[in-house]
Amino acid sequence: MIGIKAPAEADDVDIRAAWVWQAQSVKNAGDELLANAAKHKINRLYVNVDMNISKEVYQTFIAKAGREGIAIEALGGDPSWGVEGREGPMLRLASWVHDYNQAVEPGERFDALHLDVKPYVLPAWKEDAKPLVQSWISNMKRVLEQAKQDGGIAVHVDLPFWLDSYTVKGSRTAEDADNEALSHWFIQNVDQVTLLAYRDNAQGSNGIIRLIEQEMEWADASGTLVTVGVNTKPMPGEEFTSFAGKGSSQLEGALQEVATAFREHQSYAGSAVHDLTYWGELEPEEQPLPEKPINPPVSAPEIRGTYIWEASQVTDDGGDHILAFAKQQRINWLYVRLDLDQPYSSYRSFVKRAKAQGIEVHAMGGHPIWGKKENRPRIKRLIDYVKNYNAEVEPDERFVGIHLDIEPYTLPEWAENRDTLLTEWASNIAYFQEETKKDSSLETSADLAVWLDTFPLPGNDVTVTEFMIDTLDHVSLMAFRNTAEGSNGIAAVVSQEMEIADRLGKSLLVSVEMKQNHEGEHISFYDHGAKEMENQLDKLPELLSGYKAYKGNLVHAYDYWVDAKP
């Protein structure tokens, strides 16, 4: 194996690991990350790899981690990596890790390639798991062969405990010698497995120990090491799968019970906690629940905003009516469309007074045609205007970020030549991000329709949604529904995006519609009025409390909100 001799590999030391999905946390030598790891006595981290981060950053971070007794595994994964023809990113990650390890000193190397591939979360798995099981195995064989050819870096995988109920044929298991369990195949073929035994207790028929006994026996027979993974992420409705809210003592007690139960198993290597961020949010000790209320209210989201589409509402009269409405509605966030033909003085007073009122102001622009490559200069003109404006005005008069509203799916090309349009739109967004970040700390964001998570980005192994969330600082999800709950409610239609953003460490805002809409009665609050909108928005903090990405709500738009029915 091309890696370092990890401290956790000593015979008398169990692995104590955690997942780290925030790839940027390795910067600045990973000081904050390693400090958090030390608090939990961690000796191994599964760190999500961003191949755009320089080799030197990883060298510094891994070397420092090694000096502190912490081994680093290169973490990567996406459900699509188990789909036929979508193994490219997994192979590229494996190649990148190999090339990196070859180029650096032993003490600066990744200890293993750690894959978190979850095709079982895809809708197709529920419809018919067989094709996905076959493609997942096929893709894994390719990466294992590549790793072997490249010199044998260890390949570790995450597996939920219940995969032993599926066979390598994709069927549910039967007591049949020719029907190998899917978990058994993985245990036989990879170097190490982290079993995702997501339960909040060690004992009992539904406890961690009982659920993974079979896998431990298979691992003993094959000589494969196993770490036992537990969860600390809040899981509304499935609280039994997480230690969230149950205190560090309960977590540590369960881990100790698991270690004691499996101490005689040669395959048992230690434990892993998902993930470091949520682990840090556990209470030091289990706290008694208050008698009243039985269900403590969830605090309101931090951001409460709207869109100002008419630039003249700011430039003509200073926007006094906007700020008065904002104060009345407790608004603390505005996207303001700019007229780039106006002098900078047109915006200075408004932004200053808004900021004094506790409102964060982002400059806004956009049009469906901005999704086409030929219109990239329009994006550049907006970026240049905001940068030059911020350079000339006082600090309390500056825009915080730039927000784009580009909806190319309204163009004829969406039906006629969609792949080209999607490719150009993504390229323009990447350009917007790169150009904005040159010599500025402006935040980048864009509006995104929630149904775009069904469209793959041509030539890439991600959906349009994941690309946008990954590229920008934050995204505003156009969750145009007028009920919070239900299978087609606001919370449900943003859940996939929230999962993606949590994994990528990005922020999301949820935007609802107040404009009259004729596409369906479920779209807008126009007929329901402002009070009903508030009732539904009040439900979202609790419904979305399991997602760190969720930062607040937006109402589209000021013009419709100010004239809304009571």
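This text leads through a predicted model, beginning with a barrel of strands, moving on to a second group of paired strands and ending with salt bridges.

The barrel is closed and consists of eight strands, which follow one another in the order E1-E2-E3-E4-E5-E6-E7-E8 with parallel pairing. Within this sheet, neighbouring strands are turned against each other by 25° on average, when direction is ignored. Strands of a sheet pair through backbone hydrogen bonds, either parallel or antiparallel. One example of the pairing is found between strand E4, residues 112-115, and strand E5, residues 155-160, which run parallel and are joined by three bridges. Here His114 stands opposite His156 in E5. A helix also belongs to this picture, for helix H9, residues 248-261, packs on the sheet and touches strand E1 (15-20), strand E7 (225-231) and strand E8 (268-274). The direction of H9 makes about 160° with that of E8.

Further along the chain, strand E12, residues 401-404, offers a second place to look at strands in detail. In a regular strand the side chains alternate between the two faces of the sheet. In E12, Gly401 and His403 point one way while Ile402 and Leu404 point the other way, and all of these residues are buried. Strand E11, residues 360-365, runs parallel to E12 and is joined to it by four bridges, and in this pairing Met364 has His403 as its bridge partner. Between these two strands the chain passes through helix H14, residues 376-392, and the resulting β-α-β crossover from E11 to E12 is right-handed. E12 is also joined by four bridges to strand E13, residues 443-449, and these two strands likewise run parallel. His403 stands opposite Ser445 in E13, and since His403 is also the bridge partner of Met364, this residue of E12 is a useful point from which to follow both pairings.

What holds between side chains can be followed through the salt bridges, of which the structure has 26. In one of them the side chains of Arg44 and Asp111 meet, at 2.9 Å from N to O. Arg44 lies in strand E2, residues 44-48, and Asp111 in the loop between helix H3 (88-103) and E4, so the pair ties together parts that are 67 residues apart in sequence. Arg44 counts as buried because its relative accessibility is 1%, and Asp111 is buried as well, with a relative accessible area of 1%.

A second salt bridge brings together the side chains of Asp320 and Arg353, at 2.7 Å from N to O. This pair links distant parts of the chain, with Asp320 in helix H12, residues 320-328, and Arg353 in helix H13, residues 345-356, the two being 33 residues apart. Asp320 counts as partly exposed because its relative accessibility is 46%, and Arg353 is partly exposed with a relative accessible area of 29%.

In a third pair, Glu413 forms a salt bridge with Lys372, and their closest N and O atoms are 2.8 Å apart. Glu413 belongs to helix H15, residues 413-416, whereas Lys372 lies in the loop between E11 and H14, so that distant parts of the chain, 41 residues apart, are linked. At 23% relative accessibility Glu413 counts as partly exposed, while Lys372, at 17%, counts as buried, because buried means under 20% relative accessible area. Finally, salt bridges can also form a network, as they do among Lys380, Asp384, Glu435 and Lys438.

Conventions: Residues numbered from 1 in each chain as written. Predicted model: local features only at pLDDT ≥ 70, side-chain atom pairs only at ≥ 80, totals over all residues. Heavy atoms only, no water. Buried < 20%, exposed > 50% of the residue type's maximum accessible area, 1.4 Å probe, protein only. Pairing = 2+ DSSP bridges. Right-handed = clockwise from strand over helix to strand, strands pointing away. Axes fitted to C-alpha atoms, helices over the stretch in contact; angles between N-to-C directions. Contact = heavy atoms within 4.5 Å. Salt bridge = Lys/Arg side-chain N within 4 Å of Asp/Glu carboxyl O.
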